[in-house]
Amino acid sequence: MRCGFQRKDIPNYHRRFDAWWCAVGVQGFDSGRQYWEVEVGERDWRLGVAKESALRKGFKSLNTDTGYLTLRLERGSELKALTVPFTALPPGLIPRRVGVYLDFDQGQLSFYDVDKRLHIYTYNERFTEKQFPLFGTVEILKDLVITSPAAKPQCFCPPSCLWG
């Protein structure tokens with residue numbers, strides 16, 4: 001996924017964003033465990049999930065009050081969980097590859113630095129509707145790249161594997 005200067009002529013589908021430079025996955029999840037990894041840019045990005053009913057039109061805040069559980073990097077140095085109010089995270093946690101783990105049944109969404117094998121942040125919620133993966137960037141030179149967890153050499157979560 002990459003930001004661009006040329007607007008594409010695409011249908012204004014209700015699940016499509018018309019203001020934020022974000023996209024949601026085609027498939028939503030309403031049970032079980034899911035994991036995906038994303039190679040992110042160095043400047044500005046956001047990752048997480050959006051509940052099915054979350055508004056995607058206009059410049060509403062993409063935070064817990066509006067149906068989003070997201071992690072955001074702003075200006076290359078401000079990593080935050082978009083809670084209300086937002087939760088600032090230490091600069092030492094800024095990742096280049098993010099693992100996103102959704103456990104629908106336990107109500108958890110966790111973020112990991114894949115390269116450093118570190119936990120970044122976990123949301124604990126009670127999910128009552130489908131959750132859709134969310135991807136956002138304002139990078140114009142570097143893509144957000146969603147990678148397969150099957151390529152992962154081994155689990156990095158202590159003490160027992162969440163994905164095994």
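This section describes aromatic pairs, a charge placed over a ring, and salt bridges in a predicted model.

Four aromatic pairs were counted in the structure. In one of them, the ring centres of Phe111 and Tyr123 lie 6.4 Å apart with their planes at 70°, so the arrangement is edge-to-face. This pair connects distant parts of the chain, since Phe111 belongs to strand 8 (residues 108-113) and Tyr123 to strand 9 (residues 118-124), with their positions 12 residues apart in sequence; both Phe111 and Tyr123 are buried. Tyr123 also pairs edge-to-face with Tyr121, at 5.0 Å from centre to centre and with 80° between the planes, and Tyr121 is likewise buried. Phe111, Tyr121 and Tyr123 thus make up one aromatic cluster.

The salt bridges number eight. Among them, Arg33 and Asp103 meet through their side chains at an N to O distance of 3.5 Å; because Arg33 lies in strand 2 (residues 33-39) and Asp103 in strand 7 (residues 97-103), this pair ties together parts that are 70 residues apart in sequence. Arg33 is exposed, with a relative accessible area of 51%, whereas Asp103 is buried, with a value of 6%.

A further salt bridge joins Arg72 to Glu74, with the closest N and O atoms 4.0 Å apart, and both of these residues are buried. Lys80 is bridged to Glu78 at 3.7 Å between the closest N and O atoms; Lys80 is buried, at 9% relative accessible area, while Glu78 is partly exposed, at 29%. Through shared partners, salt bridges join Arg72, Glu74, Arg75, Glu78 and Lys80 into one network. The charged end of Lys80 also sits over the ring of Phe86, 4.2 Å from the ring centre.

Methods: Residues are numbered from 1 along each chain as its sequence is written. Side-chain values use heavy atoms; hydrogens and water are left out. Rings of Phe, Tyr and Trp (its six-membered ring) pair if their centres lie within 6.5 Å; planes under 30 degrees apart count as stacked, over 60 as edge-to-face and the rest as tilted. Helices (H or I, at least four residues) and strands (E, at least two) are DSSP runs, numbered from the N terminus. Buried means under 20% relative accessible area, exposed over 50%, partly exposed in between (1.4 Å probe, protein chains only). A charge sits over a ring if NZ of Lys or CZ of Arg is within 6 Å of the ring centre and within 35 degrees of the ring normal.
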